[in-house]
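Here is a short tour of one protein model, moving from its surface to its interior and then to a few individual residues. Keep the structure open beside the text as you read.

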Amino acid sequence: MVSEKPLVGVIMGSISDREVMQGCSDLLSELSIPHEAKVLSAHRTPDLTREFAVSAADRGIEVIIAGAGWAAHLAGAIAGHTTLPVIGVPIDSSPLNGMDALLSTVQMPPGIPVATVAVGSGGAKNAAVLAAQILALKYPSIDQNLKSYRRGITEKASQTVLT
Ligand code: RP5
């Protein structure tokens, strides 16, 4: 049975990232995955970010999703404080359209990975799917929900016809 406590911690660098990260939260809800969402910043709230990361596993969190823009160190900073899997969402909030966040998030040094998804809202949704795929290894109900979600995608794509 899936825990009632949050299994996924969704964090974002600023409230301005909310619109993009909402897609992640919505998809986790659709897959019936308990999660929490909060704003934490590697640069603006470094102590709170560290506290979140070091306490996450003890609170029952099994996967962390971190979205941030600009010089996006949030996912990497979290990854340095925990051995939980960390998924990074580079957000396209800067004049560089997320290329800066992509490189900051994906280019982690050997030994401290961040599973980096696509830039922006598509990546935020894929972060939820990837978290579900990790949790599905342990929770049969999430595996079922994920397979049903995937069937929906396949059906929708196969019904697409060109006129
Ligand atoms: C990053 O800076 C945040 O993740 C956000 O994408 C960006 C801009 O933040 P605000 O200035 O809008 O708060 O840390």
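About 8,900 Å² of accessible surface is computed for the protein, and carbon and sulfur atoms hold 56% of that area. Please keep in mind that this is a predicted model. As for charge, there are 12 positive and 14 negative charges, and the mean positions of the two sets lie 3 Å apart.

**Overall build**

The C-alpha trace extends over about 50 × 40 × 30 Å along the principal axes. How does the radius of gyration of the protein compare with that of a compact globule? A compact globule of 163 residues would come out near 15 Å, and the protein has 16 Å, which agrees. Of the 163 residues, 43% are buried. Among contacts with a separation of 6 or more, 69% join residues that are 24 or more positions apart.

The protein has 6 helices and 5 strands. Read from the N terminus, the order is β-α-β-α-β-α-β-α-β-α-α.

**The nonpolar cores**

Which residues touch the most other members of the largest nonpolar core? They are Val8, Met21, Leu28, Ile65 and Ile142, in a core of 29 residues. At least two residues of this core come from each of β1 (8-12), α1, β3 (63-69), β4, α5 (121-136) and α6 (140-158). Helix α5 is the element that gives the most, with 8 residues.

Val8 is a good place to look more closely. Beyond its neighbours within four places in sequence, Val8 is in contact with Leu28, Ile33, Pro34, His35, Glu36, Ile61, Val63, Ile65, Ala131 and Leu135. There is also a second, separate core, made of 19 residues, and Ile11, Ala53, Ile61 and Ile64 are included in it.

**Two residues with positive phi**

Two residues that are not glycine are worth selecting in your viewer. Ser32 has a positive phi of about 55°, and its place is the loop between α1 (18-30) and β2 (35-39). Asn97 also has a positive phi, near 55°, and sits in the loop between β4 (86-91) and α4 (99-106). Are these residues buried or exposed? Ser32 is partly exposed, because its relative accessible area is 47% and the exposed class begins over 50%. Asn97, with a relative accessible area of 58%, is therefore exposed.

**Two glycines**

Gly80 lies in the loop between α3 (74-79) and β4, whereas Gly76 is found in helix α3 itself. Gly80 counts as exposed because its relative accessibility is 52%. Gly76 has a relative accessible area of 17%, so it is buried, given that buried means under 20%. Leaving out neighbours within four places in sequence, Gly76 is in contact with Met108 and Val114.

For anyone setting up distance checks, here are two C-alpha to C-alpha pairs that involve these glycines.

| Pair | Separation in sequence | C-alpha to C-alpha distance |
|---|---|---|
| Gly80 and Val54 | 26 residues | 9.5 Å |
| Gly76 and Gly120 | 44 residues | 17 Å |

To return to the interior for a last look, the largest nonpolar core has 29 residues, and α5 supplies 8 of them.

Methods: Residues numbered from 1 in each chain as written. Predicted model: local features only at pLDDT ≥ 70, side-chain atom pairs only at ≥ 80, totals over all residues. Heavy atoms only, no water. Helix = DSSP H or I, 4+ residues; strand = E, 2+ residues; numbered from the N terminus. Rg over C-alpha atoms; globule rule 2.2 N^0.38 Å. Buried < 20%, exposed > 50% of the residue type's maximum accessible area, 1.4 Å probe, protein only. Contact = heavy atoms within 4.5 Å. Areas by Shrake-Rupley, 256 points an atom, 1.4 Å probe, with all protein chains shown as cover. Lys, Arg positive; Asp, Glu negative; His and termini not counted. Charge placed at Lys NZ, Arg CZ, Asp CG, Glu CD. Core = buried A, V, L, I, M, F, W, Y, C linked by side-chain atoms within 4.5 Å.
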